[in-house]
Amino acid sequence: MASTVTVVLGSQWGDEGKGKLVDVLAAEADICARCAGGNNAGHTIVVNMGPEKVKTTFDFHLLPSGLVNPKCVGLIGSGLVVHLPSFFAELDKLQEKGLDCKGRLFISDRAHLVFDFHQIVDGLKEVELGGKSIGTTKKGIGPAYSGKASRSGLRVHHLFDHKTFAEKFRRIVEGRFKRYGTFEYDTEGEILRYKELAERLRPYVTDTLTYIHKALSSTPPKRVLVEGANALMLDLDFGTYPFVTSSSTTIGGVCTGLGIPPKKIGKTIGVVKAYTTRVGGGPFPTELLDETGQHLQSVGAEIGTTTGRVRRCGWLDLVVLKHSCLVNGYDTFNLTKLDVLDGLEEIKIGVGYEIDGKELEGFPADLDVLARVNVIFETLPGWKSDISSVRTFDELPEHCRKYVQFIEQYSGVPVEWIGVGPGREAMIKRELS
């Protein structure tokens, strides 16, 4: 990690396997920071713990997965929305598994809070949409961001003036009752609960803006790793709106969510699954509804860490990837789950969209237009061999190397990291000239 700030972002619809790369890079990082989203994200890290090297699986939802490195500080930036009961439940679970986070986990005093009534409203909003349901995680993320945008949200620092917090809280809940009807909710019980949670939270709260800039200006500068959540195609502006999340999942979200200016960012790595998946509703041009799709679901263990839902699967879509590159300007890629394609006779890659025989220039904003596209595919031969034990690029089968090179040539972005299995060690690192 030569750069002062290195950013890892999802380049598709999420679930690309960002957590493993973050885990690898965090071994050299002083700080691992989250910049956007909430506990609707999900990263799974598999590591060998203790002298006996016991294989341990950690599920991260809100906390930065760089915490797996015992020397790395975790930061939850001001761009996040935080559900405190989930925050502590996740922290407790990590510590029960032997991960000591004491004194090295901090949360921004500017971060907005997610309450249980946000989660109830999340479900009610989905019911309102009926057949056009977006398929949210129902974690309350969207309603919390809505409150933030309408300037009626509560932030972490509000917790420490209990009287004012209680007044604001009651007013917000009453507003929700007027909008959705009176649903079952113990407003006064929640106010008391958050009085207790505020005291437990106090040691974790800091001005993360000052913290991170002190770290960057220290001698030598601290190495900061930013862990993106969700992915480009779920971005509020550039994703498949309205089937998106409620935050900025792009490189821009790194700047606004942590207060880091663009010139401080040294390297941006896009994480790309070797095929495409998405969870929930929304368009998916290269989706496979046949045996091959089922094969990818099964072999790739495509079940959401946060939702437990089976992910929809399809061929790699390079139109999506190019759109992602335009927005985020990736320096390199981490190609993940390449081993999932091991058993296939042939592999297709989406390289263009056309309507009525005319190829589109980019990824369309209008979902009605997107629903009409025919995907232009290139077909490459499979390699039909197990690559899970391979640790250098040159040792990969010829057709496997050609698959990787095809992605590089189309996107113009070199593939620096290649995941060939679930474990931390199952990663090929290429030396790029």
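In the predicted model, Leu432 is located in the segment that follows strand 20, the strand formed by residues 427–429. With a relative accessibility of 34%, Leu432 is classed as partly exposed, because this category lies between the limit of under 20% for buried residues and that of over 50% for exposed ones. When residues up to four places away in sequence are set aside, Leu432 is in contact with Thr332, Pro414, Val415 and Glu416. One of these partners, Thr332, is separated from Leu432 by 100 residues in sequence, yet the distance between their C-alpha atoms is 9.4 Å.

Thr332 also appears among the contacts of Thr268, a residue placed in strand 11, which covers residues 265–273. Thr268 has a relative accessible area of 5% and is therefore buried, since the cut-off for that class is under 20%. Apart from residues up to four places away in sequence, Thr268 touches Val7, Leu9 and Ile251, together with Asn328, Gly329, Tyr330, Asp331 and Thr332.

Attention then turns to the pockets. Rolling a probe the size of a water molecule over the atoms reveals where empty space remains. The second largest pocket encloses about 710 Å³ of space. Its lining is made up of 29 residues, of which Gly17, Thr44, Gly300, Lys337 and Pro422 are the closest to the centre of the pocket. At least two lining residues come from helix 1 (18–26), and at least two from strand 3 (43–49). In terms of chemical character, the lining of this second largest pocket consists of 11 charged, 11 polar and seven nonpolar residues.

Definitions and conventions: Residues are numbered from 1 along each chain as its sequence is written. This is a predicted model: local features need pLDDT of at least 70, side-chain atom pairs count only at pLDDT 80 or more; totals for chains, interfaces and linings use all residues. Side-chain values use heavy atoms; hydrogens and water are left out. Helices (H or I, at least four residues) and strands (E, at least two) are DSSP runs, numbered from the N terminus. Buried means under 20% relative accessible area, exposed over 50%, partly exposed in between (1.4 Å probe, protein chains only). Contact means heavy atoms within 4.5 Å. On a 1 Å grid over the protein atoms alone, a cavity is a set of points where a 1.4 Å probe fits but cannot get out, and a pocket is an open set with protein on both sides within 12 Å along at least five of seven lines; lining residues have an atom within 4 Å of a point. Grid points are joined across faces, edges and corners, and a volume is the space filled by probe spheres set on the points. Ala, Val, Leu, Ile, Met, Phe, Trp, Tyr, Cys and Pro count as nonpolar, Asp, Glu, Lys and Arg as charged, and the others, Gly among them, as polar.
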